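Reader: I've got this one open on my screen and I'd like a close look at a single part: the sheet, and what packs against it. Could you walk me through it strand by strand?

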Amino acid sequence: MANTVLKVEGMTCGHCVSAVEKAVGNAGAVGKVDLAAKKVEVEYDESKVSLDAVKAAIEDQGYDVV
């Protein structure tokens, strides 16, 4: 399992947290959002999902991964 932290711009509320965590989950990873720090801690199996796919899932929800 791989772990990484992504900086995500545009998250402002609980709905944003839910949307991002759900998008990460749908991509096949586990995400835990730190709203105050505007970061998402992502745990994923590199053999099953790429980090690019996780980033794309977050960006599809309207947030910017920087």
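Author: Start with the layout: in this predicted model, 4 strands make an open sheet, ordered β2-β3-β1-β4, with antiparallel pairing. The edges belong to β2 and β4 (64–65), and each of these has a single partner strand, so one side of each has no neighbour in the sheet.

Now go through the pairings. β1 and β3 run antiparallel and are joined by 6 bridges. If you want a landmark there, find Asn 3, which stands opposite Glu 43 in β3. On the other side of β3, the antiparallel pairing with β2 runs over 5 bridges, and Val 33 sits opposite Val 40 in β3. β1 also pairs with β4, again antiparallel, through 2 bridges. The residue to look for in that pair is Val 8, opposite Val 65 in β4.

Stay with β3 for a moment, as its side chains alternate. Val 40, Val 42 and Tyr 44 point to one face and are buried, while Lys 39, Glu 41 and Glu 43 point to the other face and are not buried.

Next, the turn that leads into β3. The loop between β2 (30–34) and β3 (39–44) holds Lys 38. This hairpin has 4 residues between its strands, and Lys 38 takes a positive phi there, near 55°. Why bother pointing that out? Because most residues other than glycine have a negative phi. The Lys 38 value is positive in a residue that is not glycine. As for solvent, Lys 38 counts as partly exposed because its relative accessible area is 26%.

Lys 38 also turns up among the contacts of Leu 6, so let's go there. Leu 6 is in strand β1 (residues 2–9), and it counts as buried because its relative accessibility is 6%, under the 20% cut-off. Setting aside neighbours within four places in sequence, Leu 6 is in contact with Lys 38, Lys 39, Val 40, Val 42, Leu 51, Val 54, Lys 55, Ile 58 and Val 65. Take Val 40 from that list: Leu 6 and Val 40 are 34 residues apart along the chain, yet their C-alpha atoms are separated by 5.2 Å.

That brings us to the helices. α1 packs on the sheet by touching β2 and β3. Its direction makes about 160° with that of β2. α2 lies across β1, β3 and β4, and runs at about 30° to β1.

The two helices meet each other as well. The axes of α1 (residues 14–26) and α2 (residues 51–60) come within 8 Å, crossing at roughly 145°, and the crossing is right-handed. On the α1 side you'll find Val 20, Ala 23 and Val 24, which meet Val 54, Ala 57 and Ile 58 of α2. Sorted by class, this contact has 6 nonpolar residues, no polar ones and no charged ones. Two of those α2 residues should look familiar, as Val 54 and Ile 58 are also among the contacts of Leu 6.

For charges, side chains of opposite charge can pair when their charged atoms come close. Searching the whole structure turns up 1 salt bridge. The partners are Glu 9 and Lys 7, with 3.5 Å between the closest N and O atoms. Glu 9 is partly exposed, with a relative accessible area of 30%, and Lys 7 is partly exposed too, at 35%.

Last stop: the start of the chain. Met 1 is in the segment before β1, and it counts as exposed because its relative accessibility is 66%. Not counting residues up to four places away in sequence, Met 1 touches Glu 43, Tyr 44 and Asp 45. Also check Ser 47, in the loop between β3 and α2. Ser 47 is exposed, with a relative accessible area of 64%. Met 1 and Ser 47 are 46 residues apart in sequence and 8.8 Å apart from C-alpha to C-alpha. For Ala 2 and Ser 47, the C-alpha separation is 9.9 Å across 45 residues of chain.

How values were computed
Residues are numbered from 1 along each chain as its sequence is written. This is a predicted model: local features need pLDDT of at least 70, side-chain atom pairs count only at pLDDT 80 or more; totals for chains, interfaces and linings use all residues. Side-chain values use heavy atoms; hydrogens and water are left out. Buried means under 20% relative accessible area, exposed over 50%, partly exposed in between (1.4 Å probe, protein chains only). Contact means heavy atoms within 4.5 Å. Axes are lines fitted to C-alpha atoms, for helices over the stretch in contact, and angles run from 0 to 180 degrees between N-to-C directions. A crossing is left-handed if the near helix is turned anticlockwise from the far one by less than a right angle, and right-handed if clockwise. Ala, Val, Leu, Ile, Met, Phe, Trp, Tyr, Cys and Pro count as nonpolar, Asp, Glu, Lys and Arg as charged, and the others, Gly among them, as polar. Two strands pair if DSSP finds at least two bridges between them. A salt bridge is a side-chain nitrogen of Lys or Arg within 4 Å of a carboxyl oxygen of Asp or Glu.
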